[in-house]
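User: I'm new to reading protein models and would like a close look at one part of this one. Could you walk me through a single residue and its surroundings?

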Amino acid sequence: MKKARRKTSPRTPGAIDQYIGARIRESRRALGMAQESLGELLGVTFQQIQKYESGRNRVSAARLFAICEALDVSLASMFERKLKD
């Protein structure tokens, strides 16, 4: 009997990762901060920031906390949905 294959790995970034990445990008741009600057504050490359913002890489809880501190935003703000006018 064959085992059923998973279509995606449980570690594969998903829609929530893309949403959080978009919120990171919004917050960073609101400050007029470059990806390079955020990367330097966090000790990662700007390419890693690009991956977080595009949702290609998941952001760990510890890293998300550090990002929020660097951007001076609350952790909860990364999960809030904006209401459209």
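The part I'd like to look at is Arg-28 and what lies around it: where does Arg-28 lie, and which residues is Arg-28 in contact with?

Analyst: Sure, let's start with the whole chain and then zoom in. Keep in mind that this is a predicted model. The protein chain has 85 residues, and 29% of them are buried. You'll find four helices and zero strands, so to read it from the N terminus you just go α-α-α-α. The accessible surface comes to about 6,500 Å², and carbon and sulfur atoms account for 52% of that. If you take contacts between residues at least 6 apart in sequence, 62% of them join residues at least 24 apart.

Now for your residue. Arg-28 sits in helix α1, which covers residues 15–30. Is Arg-28 buried or exposed? Its relative accessibility is 6%, and because buried means under 20%, Arg-28 counts as buried. Leaving aside neighbours within four places in sequence, Arg-28 is in contact with Met-33, Ala-34, Gln-35, Leu-38, Glu-53 and Leu-71.

Let's pick out Glu-53 from that list. The side chains of Glu-53 and Arg-28 meet in a salt bridge, with 2.6 Å from N to O. Glu-53 belongs to helix α3 and Arg-28 to helix α1, so this pair ties together parts that are 25 residues apart in sequence. Glu-53 and Arg-28 are both buried. There's a third member to add here: Arg-25, Arg-28 and Glu-53 are linked in a network of salt bridges.

Ala-34, another contact of Arg-28, lies in the loop between α1 and α2. Unlike the buried Arg-28, Ala-34 is partly exposed, at 32% relative accessible area. From Ala-34 to Phe-46 you go twelve residues along the sequence, and their C-alpha atoms are 8.6 Å apart in space.

Phe-46 takes us to the place where two helices meet. Helix α2 (residues 35–42) packs against helix α3 (residues 46–54) at an angle of about 105 degrees, and their axes are 8 Å apart. Because angles of 65 to 115 degrees count as roughly perpendicular, that's the word for α2 and α3. On the α2 side, the residues involved are Gln-35, Glu-36, Leu-38, Gly-39 and Leu-42, and they meet Phe-46, Ile-49, Gln-50 and Glu-53 of α3. Notice some names you've already seen: Gln-35, Leu-38 and Glu-53 are also among the contacts of Arg-28.

Back in α1, there are other charged pairs to look at, and the salt bridge count comes to four. One of these pairs Asp-17 with Arg-58, with the closest N and O atoms 3.2 Å apart. This pair links distant parts of the chain, with Asp-17 in helix α1 and Arg-58 in the loop between α3 and α4, 41 residues apart. Asp-17 counts as buried at 16% relative accessibility, while Arg-58 is partly exposed at 43%.

Glu-26 and Arg-23 also join in a salt bridge, at 4.0 Å from N to O. Here both partners lie in helix α1, three residues apart, or about one turn of the helix. Glu-26 is partly exposed, with 38% relative accessible area, whereas Arg-23 is buried, with 10%.

To finish, have a look at the surface. Phe-65, Leu-75 and Phe-79 make a nonpolar patch of about 300 Å². Leu-75 is in the segment after α4 (61–71) and is partly exposed, at 37%.

How values were computed. Residues are numbered from 1 along each chain as its sequence is written. This is a predicted model: local features need pLDDT of at least 70, side-chain atom pairs count only at pLDDT 80 or more; totals for chains, interfaces and linings use all residues. Side-chain values use heavy atoms; hydrogens and water are left out. Buried means under 20% relative accessible area, exposed over 50%, partly exposed in between (1.4 Å probe, protein chains only). Contact means heavy atoms within 4.5 Å. Patches are made of residues with over 30% relative accessible area and no salt bridge: like charges are joined within 9 Å, nonpolar side chains (Val, Leu, Ile, Met, Phe, Trp, Tyr) within 5 Å. Accessible areas come from the Shrake-Rupley method with a 1.4 Å probe; for residues, only the protein chains shown count as cover. Axes are lines fitted to C-alpha atoms, for helices over the stretch in contact, and angles run from 0 to 180 degrees between N-to-C directions. Angles under 35 degrees count as roughly parallel, over 145 as roughly antiparallel, 65 to 115 as roughly perpendicular and the rest as oblique.
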